[in-house]
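Here is a guided walk through one chain, starting with its overall layout and ending with a pair of cysteines. Keep the viewer open and turn the model as you read.

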Amino acid sequence: MIRLGYHPATFAGEGFNKLIASLPVVSAEGWDGLEYSARVLEPWFERAGEVRALLDRAGLTFSGIYHPCRFTDDAEVGQWLETGERLARFCTEVGCGLILIDGGSKEGEGGEAQICLLYTSPSPRDLSTSRMP
C-alpha cells in the first residue's frame, strides 16, 4: 500500500515538537501520515511505543522516514549503518514500512565523492492507493 505523507516543515517549532504540533492538522486534512527525518527522530528511537501512541491517537502513521546519506570516510559509513539498524527497529515498532535513503554527495579525501542513490518501486508518488482525493 502506498501512503501519502506530509512533511511538517511548514509548522512552527523545532524537531520533535514540530512533529507533535502538526499531527492534528495533518490528520484533519486527510493525509495518510507523515514523512520525517531520522536525524530528528533519533533521540526517540528508544521510545517507539510513545511515538506510536501519538500517531495512533491522530489516526496517522509514518509514510516514510528519511535516512540522510552523506559521509566522507569509512568511520562515518559505519555510524550511518548503525543508525540505520536502529532506525529499522524503530520503523518496525511504529509501523513505518519505508525508509528513504536521502541521497546526496560530498567530496571525500582525495576528491572522490561518496554518493548514495535511492530507488523505490513502486513510486511513492503513485497516488492510486492513497486516501487523498
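Helices here are DSSP runs of H or I with at least four residues, strands are DSSP runs of E with at least two, and both are numbered from the N terminus. With that in hand, the chain of this predicted model reads along its sequence as β-α-β-α-α-β-α-β-β-β. That makes four helices and six strands. Of the 133 residues in the chain, 39% count as buried. Sequence separation is worth a look too: among contacts between residues at least 6 apart in sequence, 71% join residues at least 24 apart.

Let us begin with the sheet. Strands of a sheet pair through backbone hydrogen bonds, and the pairing can be parallel or antiparallel. In this chain, four strands make an open sheet with parallel pairing, in the order 1-2-3-4. Its edges are strand 1 (5–6) and strand 4 (99–102), each of which pairs on one side only. Helix 1 (residues 15–28) packs on this sheet, where it touches strand 1, strand 2 and strand 3 (61–68). The direction of helix 1 makes about 165° with that of strand 2.

Now follow strand 2 (residues 33–37) and its partners. Towards strand 1, the parallel pairing runs over two bridges, and Gly5 has Gly33 of strand 2 as its bridge partner. Towards strand 3, strand 2 pairs in the parallel sense over five bridges, with Ser37 standing opposite Tyr66 of strand 3. Strand 2 is also mostly covered, as five of its five residues are buried. The path of the chain from strand 1 through helix 1 to strand 2 is a β-α-β crossover, and it is right-handed.

Further along, helix 4 (residues 74–94) lies across strand 3 and strand 4. Helix 4 runs at about 180° to strand 3.

What fills the space among these elements can be approached through the largest nonpolar core. This core has 26 residues, and those touching the most other members are Leu19, Leu41, Val51, Phe62, Ile65 and Phe90. At least two core residues come from each of helix 1, strand 2, helix 2 (38–41), helix 3 (48–58), strand 3 and helix 4. Phe62 is a good residue to centre your view on. Setting aside neighbours within four places in sequence, Phe62 is in contact with Leu19, Leu34, Tyr36, Leu41, Val51, Leu55, Phe90, Val94 and Cys96.

That last contact leads to the cysteines. How many disulfides does the structure hold? The structure holds zero. Cys91 is in no disulfide, and the nearest cysteine sulfur to its own is that of Cys96, 4.0 Å away. Why is there no bond between them? A disulfide needs the two sulfur atoms within 2.5 Å, so the 4.0 Å from the sulfur of Cys96 to the one in Cys91 is too far for a bond. Both cysteines are nonetheless covered: Cys91 counts as buried at 3% relative accessibility, and Cys96 counts as buried at 7%.

Technical notes. Residues are numbered from 1 along each chain as its sequence is written. This is a predicted model: local features need pLDDT of at least 70, side-chain atom pairs count only at pLDDT 80 or more; totals for chains, interfaces and linings use all residues. Side-chain values use heavy atoms; hydrogens and water are left out. Two strands pair if DSSP finds at least two bridges between them. Contact means heavy atoms within 4.5 Å. Axes are lines fitted to C-alpha atoms, for helices over the stretch in contact, and angles run from 0 to 180 degrees between N-to-C directions. Buried means under 20% relative accessible area, exposed over 50%, partly exposed in between (1.4 Å probe, protein chains only). A nonpolar core is a set of buried Ala, Val, Leu, Ile, Met, Phe, Trp, Tyr and Cys residues joined through side-chain atoms within 4.5 Å. A crossover is right-handed if, with the strands pointing away from the viewer, the path from the first strand over the helix to the second runs clockwise.
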